[in-house]
Amino acid sequence: MGVQDSSLEDAVQDVFLVVHRRLPEFEARSQLRTWLFGIVLRVAQSHRRTVRRREAHLVEVNPLELDAVSAVDQEGPLELIAQRQAGTLLHRLFDQMDEDKRAMLVLVELEQMSVREAAEALGINLNTAYSRLRVARAAFEAAVAESMQDDARSEAEVRLTTAVGKNS
């Protein structure tokens with residue numbers, strides 16, 4: 001939901017604290033899963049706001065430099081790089097989306113909730129949920145296609161530059 005890896009443990013702890021504090025108030029008007037996801041959404045939103053305020057005062061650092069190298073022996077360096085690039089792309093695409101659409105897409109596509117459950121978790125009308133999901137999917141697919149075109153252009157430029165350098 002857009003919480004940075006460095007804040008993930010804090011966000012999870014905050015979710016547990018809110019659940020512990022609010023569990024006696026749970027009225028079972030919705031599924032427990034839906035209620036929990038509502039808490040997760042609000043905690044994630046709060047953490048993103050906090051990070052934005054902090055980042056206004058910090059120097060930007062490349063997240064790839066901060067990632068620790070995986071200790072898994074089966075994965076080679078190319079697989080690790082591909083996973084990091086995919087993760088970075090996914091986060092970048094989610095960051096470009098409106099919060100409402102991102103939440104809907106995460107609930108349905110990643111959390112495997114039904115559209116009805118996601119609508120309950122977000123407190124929106126079912127038709128609005130379907131509309132947001134359709135628009136979010138289209139925006140995500142367009143952003144992925146655009147990213148792939150940008151990558152293809154970059155590769156072509158590198159090949160052209162290399163060919164020109166060899167012919168010089």
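1. Order of elements. Read along the sequence, the protein chain of this predicted model follows the pattern α-α-α-α-α-α-α. In other words, there are 7 helices and 0 strands. The chain has 168 residues, and 24% of them count as buried. Among contacts with a separation of 6 or more, 62% are between residues 24 or more positions apart.

2. How α5 and α6 are placed. Two packed helices are described by the angle between their axes and the distance between the axes. Helix α5 covers residues 99-110 and helix α6 covers residues 115-122. Their axes lie 9 Å apart, and the packing angle is about 140°. This angle makes α5 oblique to α6, because only values over 145 degrees count as roughly antiparallel. The crossing in which α5 passes α6 is right-handed.

3. What the two helices touch with. Which residues of α5 meet α6? On the α5 side they are A103, M104, L107 and V108. On the α6 side, the partners are V115, A118, A121 and L122. Sorted by type, the residues of this contact are 8 nonpolar, no polar and no charged. In soluble globular proteins, nonpolar side chains tend to be buried together.

4. Spacing along α5. An α-helix has 3.6 residues a turn, so residues three or four places apart point the same way. With that in mind, look again at A103, M104, L107 and V108, the α5 residues that meet α6.

5. The largest nonpolar core. This core has 19 residues, and F37 and M104 have the most contacts inside it. The elements giving two or more residues to the core are α2 (32-55), α5, α6 and α7 (126-167). Helix α5 supplies the largest share, 6 residues.

6. M104 in detail. M104 is in the contact of α5 with α6 and is also one of the two residues with the most contacts inside the largest core. Leaving aside neighbours within four places in sequence, M104 is in contact with V115, A118, L122, I124, A129, R132 and L133. A second, separate core of 9 residues includes V15, V19, W35 and A44.

7. The loop between α5 and α6. Q112 is placed in this loop. Is Q112 buried or exposed? Its relative accessibility is 58%, so Q112 counts as exposed. Not counting neighbours within four places in sequence, Q112 is in contact with R33 and L107. The phi of Q112 is near 60°, a positive value in a residue other than glycine. Most residues other than glycine have a negative phi. A student may want to look at this position in the model.

8. Helix α6 and what follows. The buried residues of α6 are V115, E117, A118, A119 and A121. Of these, V115, A118 and A121 are also among the residues that meet α5. Just after α6, G123 takes a positive phi of about 70°.

9. T34 in α2. T34 lies in helix α2. The relative accessible area of T34 is 3%, so this residue is buried. Apart from residues up to four places away in sequence, T34 touches M113, E117, E120 and A121. Two of these partners, E117 and A121, are listed among the buried residues of α6.

10. S147 in α7. What is the relative accessibility of S147, a residue of helix α7? The value is 7%, so S147 counts as buried. S147 touches L89 and R92, not counting residues up to four places away in sequence.

11. L90 and V144. L90 lies in helix α4, which covers residues 77-96. With a relative accessibility of 31%, L90 counts as partly exposed. How far apart in space are L90 and V144, C-alpha to C-alpha? The distance is 8.9 Å, while in sequence L90 and V144 are 54 residues apart.

12. L8 and A44. L8 lies in helix α1, residues 8-22. The relative accessible area of L8 is 41%, so L8 is partly exposed. L8 and A44 are 36 residues apart in sequence, and their C-alpha atoms are 9.0 Å apart in space. A44 is also one of the residues of the second core.

How values were computed:
Residues are numbered from 1 along each chain as its sequence is written. This is a predicted model: local features need pLDDT of at least 70, side-chain atom pairs count only at pLDDT 80 or more; totals for chains, interfaces and linings use all residues. Side-chain values use heavy atoms; hydrogens and water are left out. Axes are lines fitted to C-alpha atoms, for helices over the stretch in contact, and angles run from 0 to 180 degrees between N-to-C directions. Helices (H or I, at least four residues) and strands (E, at least two) are DSSP runs, numbered from the N terminus. Angles under 35 degrees count as roughly parallel, over 145 as roughly antiparallel, 65 to 115 as roughly perpendicular and the rest as oblique. A crossing is left-handed if the near helix is turned anticlockwise from the far one by less than a right angle, and right-handed if clockwise. Contact means heavy atoms within 4.5 Å. Ala, Val, Leu, Ile, Met, Phe, Trp, Tyr, Cys and Pro count as nonpolar, Asp, Glu, Lys and Arg as charged, and the others, Gly among them, as polar. A nonpolar core is a set of buried Ala, Val, Leu, Ile, Met, Phe, Trp, Tyr and Cys residues joined through side-chain atoms within 4.5 Å. Buried means under 20% relative accessible area, exposed over 50%, partly exposed in between (1.4 Å probe, protein chains only).
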